[in-house]
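Reader: Hi! I've got this one open in my viewer and would love to talk it through with you. Could we begin with the sheet?

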Amino acid sequence: METQNLISIQQFCKHYSIPTAFIDELKEYELIEVIVANDDHYIKITQITEVEKMIRLHYDLNINLEGVDVIYNLLNQVDSLKKEITDLQNKLKFYENE
């Protein structure tokens, strides 16, 4: 498997000075996807910003992983609702201009 769009969990954790167990716990809560290739564990580069948010919530704000899970899911719902509102506003503008 190609690993060009992946980053090693070991390398990621070393860079952010966090234990690899934290990434394992995020995987258990199904907050991130861990990919195994060549007997090494990776995360997608596209997930880095999300993992950074979770690191800040957990380590900077001292929120436990259950709280991180709830906050992350609520933030995803808010983003989804914002997108839906934008789509509905665009449809409304379209019909108002006819």
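Reader: Which residue does I7 stand opposite in β3?

Author: I7 stands opposite I43 in β3. Keep in mind that this is a predicted model. The two strands involved, β1 and β3, pair in the antiparallel sense over three bridges.

Reader: And what packs on the sheet?

Author: Helix α1, residues 9-16, does. That helix touches β1, β2 and β3, and its direction makes about 70° with that of β1.

Reader: Nice. In what order do the three strands of the open sheet come?

Author: The order is β1-β3-β2, and the pairing is antiparallel. β1 and β2 are the edge strands, since each pairs on one side only. Neighbouring strands in this sheet are turned by 45° against each other on average, with direction ignored.

Reader: How many bridges join β2 and β3?

Author: Four bridges, again in the antiparallel sense, between β2 (residues 34-37) and β3 (residues 40-44). One residue to click on is I35, whose bridge partner in β3 is Y42.

Reader: Which residue takes a positive phi in that hairpin?

Author: That's N38, with phi near 55°. The hairpin of β2 and β3 has two residues between the strands.

Reader: Back to I43 for a second. What does I43 touch?

Author: Leaving out residues up to four places away in sequence, I43 touches N5, L6, I7, I9, F12, I23, I32, E33, V34 and V51. I43 also belongs to the largest nonpolar core, which has 20 residues; F12, I23, L26 and I43 touch the most other members.

Reader: Which elements give two or more residues to this core?

Author: Those are α1, α2 (20-28), α3 (48-60) and α4 (65-96). The most comes from α3, with five residues.

Reader: Switching to S8, is it buried or exposed?

Author: S8 counts as buried, because its relative accessibility is 12% and the cut-off for buried is under 20%. Its place is in strand β1, residues 6-8.

Reader: Which backbone nitrogen lies 3.3 Å from a polar atom of the S8 side chain?

Author: The backbone nitrogen of Q10. Apart from residues up to four places away in sequence, S8 touches D40, H41 and Y42.

Reader: Now rings, my favourite! How many aromatic pairs are there?

Author: The count comes to three. One of them is F12 with Y16, a tilted pair at 4.6 Å centre to centre with 40° between the planes. Both residues lie in helix α1, four residues apart, about one turn of the helix.

Reader: Why does F12 count as buried, and what about Y16?

Author: F12 counts as buried because its relative accessibility is 2%. Y16 is partly exposed, with a relative accessible area of 28%.

Reader: What kind of pair do F94 and Y95 form?

Author: F94 and Y95 form an edge-to-face pair, 5.2 Å centre to centre with 75° between the planes. The pair gets that label because planes over 60 degrees apart count as edge-to-face.

Reader: Is F94 partly exposed or buried?

Author: F94 counts as partly exposed, at 49% relative accessibility. Y95 is exposed, with a relative accessible area of 57%. The cut-off explains why the labels split: exposed means over 50%.

Reader: Great, that gives me plenty to click through. Thanks!

Terms used
Residues numbered from 1 in each chain as written. Predicted model: local features only at pLDDT ≥ 70, side-chain atom pairs only at ≥ 80, totals over all residues. Heavy atoms only, no water. Buried < 20%, exposed > 50% of the residue type's maximum accessible area, 1.4 Å probe, protein only. Polar contact = N/O pair within 3.5 Å; in protein donor to acceptor, adjacent residues only side chain to side chain. Contact = heavy atoms within 4.5 Å. Pairing = 2+ DSSP bridges. Axes fitted to C-alpha atoms, helices over the stretch in contact; angles between N-to-C directions. Core = buried A, V, L, I, M, F, W, Y, C linked by side-chain atoms within 4.5 Å. Phe/Tyr/Trp six-rings, centres within 6.5 Å; stacked < 30°, edge-to-face > 60°.
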